[in-house]
Amino acid sequence: MYLNVAEIESAISNLHAVYPGATEVLTPPHTTHEGRTARLLRIGSRSAHDVDGILILGGVHAREWVPPDALVSLGADLLEAHSLGTGLGYGSTSYTAAQVTHVIDGLALFLYPCVNPDGRAYSQTADAMWRKNRRPAPAGHGHGGPSCAGVDLNRNFAFLWDHTAKFAPDADVHTSDNPCDPQMYRGPSAASEPETRNIVWALDTHPCIRWLVDVHSAVPVILHNWGSDRNQTTSPSDNFRNPALDAVRGRKDDDIGEFIPYQDLNTAVELAGHMNDAVRGVRGVDYGVEAAYGLYPTSGTSDDYAYSRHFTTPTATKTLGYTIECGTSFQPPYREAEHIIREVSAALLALALNVH
Ligand SMILES: [Zn+2]
């Protein structure tokens with residue numbers, strides 16, 4: 001059975017109670033529209049000031065039921081293996097006891113399993129295919145139907161958020177300024193949503209975080225920066241801060257792309273490859289790796305926001321962003337979900353063991 005919101009919170013409390021020396025519970029500052037607080041579990045035996053951090057998100061999209069369970073499961077696996085002094089095996093992908101110790105003693109893993117608790121509760125009790133959060137429908141839209149509630153949190157981040165101003169009119173950017181869009185409403189302003197601001201808070205208050213992984217379903221694929229346009233490594237001035245590109249950004253088949261330094265692109269692809277290898281070892285499924293731009297441009301996503309921060313704020317940490325799209329359906333039977341959970345766990349440990 002999939003965990004509900006209360007069970008995810010008790011799991012976090014229980015893991016901290018059993019493994020107090022290797023965990024810390026973090027309470028984000030902003031309560032949701034329905035008054036909920038979903039917490040983070042930091043795993044690591046050393047102070048987060050002394051080690052590099054990885055922020056791992058689950059449940060951003062309400063109907064994607066597997067990722068929150070995967071994050072809780074990974075935390076439980078890691079902590080148990082560490083306390084018993086054993087390794088971990090996921091199919092043919094395995095990690096030694098020394099590797100488990102390396103993760104716990106050498107990193108800070110910030111597990112944020114249920115970013116959108118209102119949405120998960122609604123998806124699990126009222127409308128299984130609900131994707132957005134539960135922001136009330138704006139005044140004047142009350143008669144537009146139930147889909148006028150909610151914001152797509154993965155279009156709400158302050159990265160090229162205003163797509164009508166920042167992308168070419170003919171760019172096929174997948175977001176919407178219509179509150180009644182049942183899938184991809186970007187929200188009334190950038191970072192308008194408490195759930196979005198909680199992620200910004202996690203990044204702001206933990207400068208150790210050098211990697212962000214937002215776990216979604218279902219394609220499957222492992223995506224790296226950028227999602228706004230095709231990557232290019234040769235023209236630094238062609239970037240998201242350049243207003244001269246606002247009229248042309250996101251177009252397919254033109255010469256303009258989003259700048260990413262060659263070294264960053266190289267690292268992003270290499271780490272994604274390690275994750276994909278680990279996934280494949282579980283039961284042979286090849287997720288594949290691509291830039292988030294893939295087939296169409298996006299705006300306001302968590303992965304690009306995370307990576308954009310050090311360009312806009314010189315004091316900010318450089319944080320590479322990933323989106324793992326796991327599995328092939330949103331709510332598979334739990335027997336299948338358990339396989340996907342192993343794939344996600346294997347991938348996240350591969351990332352943790354290959355960052356440096
Ligand atoms: Zn999603």
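A salt bridge is a side-chain nitrogen of Lys or Arg within 4 Å of a carboxyl oxygen of Asp or Glu. Side chains of opposite charge can pair when their charged atoms come close. In the present structure, which is a predicted model, the count by this rule comes to 18 salt bridges. One of them joins the side chains of Asp69 and Arg120, with a distance of 2.8 Å from N to O. Asp69 belongs to helix H2 (residues 66-84) and Arg120 to helix H4 (residues 117-125), so the pair ties together parts of the chain that are 51 residues apart in sequence. Both Asp69 and Arg120 are buried.

A salt bridge is also formed by Asp170 and Arg251, whose closest N and O atoms are 2.9 Å apart. Asp170 is located in the loop between helix H5 (163-166) and helix H6 (194-205), and Arg251 in the loop between strand E9 (231-232) and strand E10 (258-259); the pair therefore ties together parts that are 81 residues apart in sequence. Asp170 has a relative accessibility of 53% and counts as exposed, because the cut-off for this class is over 50%. Arg251, with a relative accessible area of 30%, is partly exposed.

A salt bridge within a single helix is found between Arg280 and Asp277, at 3.4 Å from N to O. These two residues both lie in helix H7 (residues 262-283), 3 residues apart, which is about one turn of the helix. Arg280 is partly exposed, its relative accessible area being 35%, and Asp277 is likewise partly exposed, at 42%. In addition, a network of salt bridges links Glu34, Arg36, Asp118 and Arg134.

A charged residue in helix H1 (residues 5-18) may be described here as well, namely Glu9. Glu9 has a relative accessible area of 13% and is therefore buried, since this class covers values under 20%. Leaving aside residues up to four places away in sequence, Glu9 touches Thr37, Ala38 and Arg39.

The packing of helices was examined next. Helix H3 (residues 97-106) packs with helix H9 (residues 334-354) at an angle of about 75°, the two axes being 10 Å apart. Because angles of 65 to 115 degrees count as roughly perpendicular, H3 is roughly perpendicular to H9. H3 contributes Gln99, His102 and Val103 to the contact, and H9 contributes Leu349, Ala352 and Leu353. Of the residues in this contact of H3 with H9, 4 are nonpolar, 2 are polar and none is charged.

Helix H3 also packs with helix H2: the axes of H2 and H3 come within 9 Å and cross at roughly 110°. H2 is thus roughly perpendicular to H3. On the side of H2 the contact is made by Leu78, Leu79, Ala81 and His82, and on the side of H3 by Val100, Thr101, Val103, Ile104 and Asp105. The contact of H2 with H3 divides into 6 nonpolar, 2 polar and 1 charged residues. Val103 takes part in the contact with H9 and in the contact with H2.

Aromatic rings were considered in turn, and the count comes to 11 aromatic pairs. The rings of Phe240 and Phe311 have centres 6.1 Å apart and planes at 75°; planes over 60 degrees apart count as edge-to-face, so this pair is edge-to-face. The pair links distant parts of the chain, since Phe240 lies in the loop between E9 and E10 and Phe311 in helix H8 (residues 302-312), 71 residues apart. Phe240, at 10% relative accessibility, counts as buried. Phe240 and Phe311 also belong to one aromatic cluster, together with Phe159, Trp226 and Tyr307.

Several features of the backbone were noted. A cis peptide bond joins Asn225 to Trp226, with omega at about -5°; Trp226, a member of the aromatic cluster, is placed in the loop between E8 and E9. A cis peptide bond is also present between Ser217 and Ala218, where omega is about 0°. Ala218 lies in the loop between strand E7 (209-216) and strand E8 (221-224).

Positive phi values in residues other than glycine include that of Leu160, near 45°, and that of Asp253, near 60°. Leu160 is in the loop between H4 and H5 and counts as buried, at 8% relative accessibility. Asp253 is in the loop between E9 and E10 and is exposed, with a relative accessible area of 80%.

Note on methods: Residues are numbered from 1 along each chain as its sequence is written. This is a predicted model: local features need pLDDT of at least 70, side-chain atom pairs count only at pLDDT 80 or more; totals for chains, interfaces and linings use all residues. Side-chain values use heavy atoms; hydrogens and water are left out. Axes are lines fitted to C-alpha atoms, for helices over the stretch in contact, and angles run from 0 to 180 degrees between N-to-C directions. Helices (H or I, at least four residues) and strands (E, at least two) are DSSP runs, numbered from the N terminus. Angles under 35 degrees count as roughly parallel, over 145 as roughly antiparallel, 65 to 115 as roughly perpendicular and the rest as oblique. Contact means heavy atoms within 4.5 Å. Ala, Val, Leu, Ile, Met, Phe, Trp, Tyr, Cys and Pro count as nonpolar, Asp, Glu, Lys and Arg as charged, and the others, Gly among them, as polar. Buried means under 20% relative accessible area, exposed over 50%, partly exposed in between (1.4 Å probe, protein chains only). Rings of Phe, Tyr and Trp (its six-membered ring) pair if their centres lie within 6.5 Å; planes under 30 degrees apart count as stacked, over 60 as edge-to-face and the rest as tilted.
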